[in-house]
Amino acid sequence: MLRQLSVIALSAGMLVYALSSCKHEPFALTKGDFPEDISRIVINKCATTGCHDAAGAVNAARLRLDSWDELFKGSSHGAVVIPYSPKYSTLLYYINVEAHANSDIVAAPTMPYNMSPLTEAEYNAVKNWITNGAPNADGVVAFSGEPETRQKIYITQQGCVDQLTVVDAKSGVVMRTIEVGATNNTELPHYVKVSPDGRYAYLCFFQGKIVQKINTSNDQLVGTCEIGDGNWNVLNISPDGTKLIVSGTANGQIILINTATMTAIENFAGLFTQPHGLATSVNFDTLYITSQYGNVIYRYILSQFDKSSILLEGTDETFTSVQGQTPDPHELLMSPDHKLLFVSCQNNGTVKVIDIATQQVVRTIPVGSVPKELALSKKKNQLYVTCMEDADNNYSTKSKGSVYVIDLATLQKVGHPIYGDFYQPHGITVDEQNDRLYIVSRNENPNGPAPHHSSGCNGRNGWYSVYDLNTLQPVNSIRYEVTPDPYGADVRFK
């Protein structure tokens with residue numbers, strides 16, 4: 001369908017695309033496992049010789065359209081068709097033209113190349129097909145099999161519409177988008193956490209008043225808990241999945257929620273200053289909470305209503321950020337044996353290690369600029385830290401940020417930082433079923449890379465990258481684009 005592209009690098013580092021003609025052969029004998037009406041469009045006008053067939057795809061963003069199965073492998077920029085989601089299926093952008101654009105997105109270059117544009121009826125046929133799940137000739141919708149066991153990654157999207165992106169772990173591409181939130185206003189889905197049994201995903205909203213519950217088997221919203229204003233930041237779930245806690249910096253709130261009924265059990269309001277990061281003891285009776293600006297980690301024993309402070313540096317219990325001086329603890333993560341607590345300190349570029357038994361900092365590990373999120377691999381016994389603003393990425397002039405790797409046995413950094421195709425990496429999660437590390441680039445800075453395509457949202461798209469846990473190298477060169485400002489990430493089965 002799409003024209004053959006050859007990339008010419010300019011001295012300024014910009015890219016332009018040189019066009020070459022596609023040869024259009026008669027309608028193929030095979031239908032590519034598409035429904036009949038879709039096959040006549042895609043096979044006859046898209047998967048033609050030199051374009052999106054097996055041979056031509058190398059020069060067409062690696063996108064093959066000669067079969068339904070190949071379509072759902074996506075392109076060098078990720079998914080091009082997302083079942084039930086025409087708004088974010090980029091294939092539609094390129095086959096749309098002004099004559100029948102309506103409110104839909106039009107992206108250049110218009111396809112098919114060297115042929116007449118699709119008629120309005122043809123465009124609408126493809127759009128309606130995607131709206132109905134983009135099934136194959138037998139009515140099967142992609143990624144619908146094995147719903148109880150399918151491994152997935154969930155990513156919050158807070159820069160455009162309120163959306164939760166679902167990634168299929170086997171293929172690495174976006175398989176679904178879920179519209180979340182409770183109002184027509186932007187609520188900024190901020191943090192997502194999957195229950196220990198993998199059955200539910202919970203998310204909170206920085207500008208919303210709710211916590212929502214998603215069934216991970218069918219990716220449907222199944223519950224909402226009203227919690228009021230709070231600039232909600234982080235969630236943590238009890239090991240048995242029956243309770244969760246959420247932190248809100250605006251009013252210093254920590255709320256305890258019953259996950260079965262999705263009702264608030266208790267609000268610990270006014271006890272904490274700027275609470276953000278959360279971790280819990282193995283039996284969920286003790287909370288550890290970062291005060292996001294300053295020098296303090298709170299320890300709170302629920303049954304005793306006992307609050308104490310752990311100082312990260314020196315002897316001053318301060319709750320005010322001082323540039324380059326105060327640690328400003330951001331996120332917390334407990335070690336698998338619940339003996340150590342790891343704290344990312346965004347102001348001074350360190351990770352602090354706290355001994356749970358002594359409530360003392362036992363190690364300070366220097367990392368990159370503005371460390372944010374933390375993830376663990378039990379298999380590799382490693383901790384991964386996104387450093388969002390590392391200026392010297394050592395990858396390209398249009399990259400920023402890094403991921404540091406820390407050995408949990410020695411509490412030492414492992415090799416060199418991971419410098420890759422990142423721009424402001426923030427969310428990070430580990431898929432130990434497939435030995436993959438997912439790194440999410442926000443790309444919120446106006447100087448960040450321009451996207452491959454528009455998305456109908458203000459701002460530039462972000463993306464996620466997939467790395468091999470064994471080699472700490474990219475699994476491929478794909479920049480999996482999503483909508484602007486992807487923020488938090490979590491994996492379904494740990």
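**Exercise 1. Pairing of β11 and β12**

Determine in which sense strands β11 and β12 pair, and place the pair within its sheet.

*Solution.* In this predicted model, strand β11 (residues 243-248) and strand β12 (residues 253-258) are joined by six bridges, and the pairing is antiparallel. One position fixes the register: glycine 248 faces glutamine 253 of β12. The next step is to widen the view to the sheet, which is open and has four strands in the order β10-β11-β12-β13, paired antiparallel. Each of the edge strands, β10 (232-237) and β13 (263-267), has a single partner strand, so one side of each lacks a neighbour in the sheet. From one strand to the next, the twist averages 25°.

**Exercise 2. Two aromatic pairs**

Classify the ring pair of phenylalanine 268 and tyrosine 300, then that of phenylalanine 422 and tyrosine 467.

*Solution.* The model contains eleven aromatic pairs. For phenylalanine 268 and tyrosine 300, the centres are 5.4 Å apart and the planes meet at 65°. Because an angle over 60 degrees counts as edge-to-face, the pair of phenylalanine 268 and tyrosine 300 is edge-to-face. Phenylalanine 268 lies in the loop between β13 and β14 (275-280), and tyrosine 300 lies in strand β16 (residues 296-301), 32 residues apart. With relative accessibility of 5%, phenylalanine 268 counts as buried; tyrosine 300, at 2%, also counts as buried.

For phenylalanine 422 and tyrosine 467, the values are 5.8 Å centre to centre and 45° between the planes, which makes the pair tilted. Phenylalanine 422 is in the loop between β25 (412-413) and β26 (425-431), while tyrosine 467 is in strand β28, so the pair ties together parts 45 residues apart in sequence. Both phenylalanine 422 and tyrosine 467 are buried.

Finally, Phe268 and Tyr300 belong to one aromatic cluster together with Phe272, Tyr298 and Phe319.

**Exercise 3. Surroundings of aspartate 468**

Establish whether aspartate 468 is buried or exposed, and describe its contacts.

*Solution.* Aspartate 468 is located in strand β28 (residues 461-468). Its relative accessibility is 18%, and therefore aspartate 468 counts as buried, the cut-off being under 20%. A polar atom of the aspartate 468 side chain lies 2.7 Å from the backbone nitrogen of asparagine 470. Beyond neighbours within four places in sequence, aspartate 468 contacts Asp435, Arg436, Gln473 and Val475.

**Exercise 4. Charges over rings**

Identify which ring lies beneath the charged end of lysine 213 and which beneath arginine 479.

*Solution.* The charged end of lysine 213 sits over the ring of tyrosine 200, 4.2 Å from the ring centre. Arginine 479 lies over the face of tryptophan 463, with 4.0 Å to the ring centre.

Note on methods:
Residues numbered from 1 in each chain as written. Predicted model: local features only at pLDDT ≥ 70, side-chain atom pairs only at ≥ 80, totals over all residues. Heavy atoms only, no water. Helix = DSSP H or I, 4+ residues; strand = E, 2+ residues; numbered from the N terminus. Buried < 20%, exposed > 50% of the residue type's maximum accessible area, 1.4 Å probe, protein only. Polar contact = N/O pair within 3.5 Å; in protein donor to acceptor, adjacent residues only side chain to side chain. Contact = heavy atoms within 4.5 Å. Pairing = 2+ DSSP bridges. Axes fitted to C-alpha atoms, helices over the stretch in contact; angles between N-to-C directions. Phe/Tyr/Trp six-rings, centres within 6.5 Å; stacked < 30°, edge-to-face > 60°. Lys NZ or Arg CZ within 6 Å of the ring centre and 35° of its normal.
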